[in-house]
Amino acid sequence: MLKEALVNKLDYDELSNCMRCGFCQPACPTFRETGYEAASPRGRIALMKAVADGVMEPDKDFVDQMNLCLGCRACEPVCPAGVPYGQLIEQTREAIEEVQEHPWWVKAVRKLAFFHLFPHQKRMYQLGGLLHFYQRSGVQKAVRKLRVLSILPKQMREMEAIMPEASGKGIVDFFGGTVIPAVGERKYRVGMFHGCIMDVLFNETNRNTVRLLSEAGCEVIIAPDQVCCGALHAHSGEREQARHLARKNVAAFHKADVDIIVSNAGGCGAMLQEYDHLLAEDAEWQEKAQWFASRVKDISEVLALLVEPTEWQSLPQRITYQSSCHLRNGMKVTKEPVNLLQAIPGATYVQLREGDRCCGSAGIYNLVQPEMAGSLLDEKMGHVAATQADILVTSNPGCLLQMKAGIHRAGLEGKMEAVHIVDLLARVSQK
């Protein structure tokens, strides 16, 4: 049954394009950790093709290897054949999800999160309001003091410990409308993608994004009908739901008639930029999806083009940067964040060893694959500590939470802080 689903979902031509050269192996975190051929992109593609060709049956080991993949796509930039591995692993997981039988509680959690929570922004704000009450009412302190959280898995306790302050209101509520005018002459009409989790747990980052864009001469439009980008859905095998969300976002921003669509989350941005691939077989939406995808840019690309660092305040601290996998490997944005950080007056930029290697966050990977994620994070924090940086910067919310957890695990609290690049730039650009 799984075999038939794989044959129907997989792009066989792309499977065949893999030359088995092995260039992907040194770039793959799970191969480097395990040394197993099956845990490499080349190995996983070979397994996919073997199933599609009828050479092997897709058993539990096959499924486990597909789930062990981080989806970081570090293999793609080094692949001489240009194999879109990220699309292949998503197609495989979609096929697996189509036939896999989960325990009842897993089904319930997936249905709640993927269908009844993330796609509905009002419900996300309600959840944010509950989390805000939990954090500010004294309940959180009582729960921690009574060690109620000890019943939760270690990785969930670590996430609760570093969870940022939640908000029950979005940036539209903060700015009082969906159109924020440019300061001075308008250079671009920019659509701001606020995200589902970003607007609840990283509301300050969203507000800073809007302020930086406005001060850089952008009229910012917050499309009111936008929804979750669908990245978590696509990575978890729920690609049809991801397509449903994509159509809603394409319609919302097409109606807004913007020049640029800005994302401040690498994972969201990579997903948004690939809506044309996601909806490639949908004749009704293909042209609009191409229009949408061609306009998606990361916030760092826009700021690098428009801001004047000479007007920034001095920041006499050591800074290092952990790259977001999907920003680097999906959106192909590498230079702009570093250039912006290096332009901060007074700051000393320190290169992070293997800063382009996945931190182990990878969406919800650190929750479903805690052992591998923890191993990657511990190695990462060894490199981070060696920089002796005061500020660890990243450009994706999942990476930021993982870095905060890493600082906690490594005993670096009080010596170093993890900051989203937007918040750091907002800090030095304050007048």
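1. Helix 20 (residues 299-306) and helix 22 (residues 335-342) cross at roughly 50°, and their axes come within 8 Å. That angle makes helix 20 oblique to helix 22. The crossing of the two is left-handed. The model is a predicted one, and the points below should be read with that in mind.

2. The residues that make this contact can be listed from both sides. Helix 20 contributes Ser300, Glu301, Leu303 and Ala304, which meet Glu336, Pro337 and Leu340 of helix 22. Sorted by class, the contact of helix 20 with helix 22 has four nonpolar, one polar and two charged residues.

3. A second helix pair is formed by helix 4 (residues 41-52) and helix 5 (residues 60-68), whose axes lie 10 Å apart and pack at an angle of about 140°. Helix 4 is therefore oblique to helix 5, because angles count as roughly antiparallel only when over 145 degrees. Helix 4 and helix 5 make a left-handed crossing.

4. In the contact between these two helices, Arg44, Leu47, Met48 and Val51 come from helix 4, and they meet Phe62, Gln65, Met66 and Leu68 of helix 5. The class count for helix 4 with helix 5 is six nonpolar, one polar and one charged.

5. Helix 8 (residues 104-117) has 14 residues, and the distance from its first C-alpha to its last is 18 Å, close to the 20 Å expected at 1.5 Å a residue. Its buried residues are Val106, Arg110, Ala113, Phe114 and Leu117. An arginine is thus listed as buried in helix 8, beside Val106 and Phe114 among others. The cover over the buried residues of helix 8 includes helix 7 (85-99), helix 9 (121-136), helix 15 (231-235) and helix 16 (239-256).

6. Two of the covering helices can be looked at residue by residue. Glutamate 90 sits in helix 7. With a relative accessibility of 10%, glutamate 90 counts as buried. Neighbours within four places in sequence aside, glutamate 90 is in contact with Ala234, His235 and Arg239.

7. Alanine 231 belongs to helix 15. Alanine 231 also counts as buried, at 8% relative accessibility. Apart from neighbours within four places in sequence, alanine 231 is in contact with Gly267 and Met271. Leucine 278 is 47 residues from alanine 231 along the chain, and the C-alpha atoms of the two are separated by 11 Å.

8. In helix 11 (residues 154-161), the buried residues are Gln155, Glu158, Met159 and Glu160. They pack against helix 9, helix 10 (139-145), helix 23 (365-368), helix 24 (370-387) and helix 25 (397-409). Helix 9 thus turns up here as well as in the cover of helix 8.

9. Arginine 144 lies in helix 10. Its relative accessible area of 40% makes arginine 144 partly exposed. Beyond its neighbours within four places in sequence, arginine 144 is in contact with Leu149, Glu160 and Ala161. Of these, Glu160 is one of the buried residues of helix 11. The C-alpha atoms of arginine 144 and arginine 157 are 10.0 Å apart, with the two residues 13 apart along the chain.

Conventions: Residues numbered from 1 in each chain as written. Predicted model: local features only at pLDDT ≥ 70, side-chain atom pairs only at ≥ 80, totals over all residues. Heavy atoms only, no water. Axes fitted to C-alpha atoms, helices over the stretch in contact; angles between N-to-C directions. Helix = DSSP H or I, 4+ residues; strand = E, 2+ residues; numbered from the N terminus. Parallel < 35°, antiparallel > 145°, perpendicular 65-115°, else oblique. Left-handed = near helix turned anticlockwise from the far one by under 90°. Contact = heavy atoms within 4.5 Å. Nonpolar A, V, L, I, M, F, W, Y, C, P; charged D, E, K, R; others polar. Expected span 1.5 Å × (residues − 1). Buried < 20%, exposed > 50% of the residue type's maximum accessible area, 1.4 Å probe, protein only.
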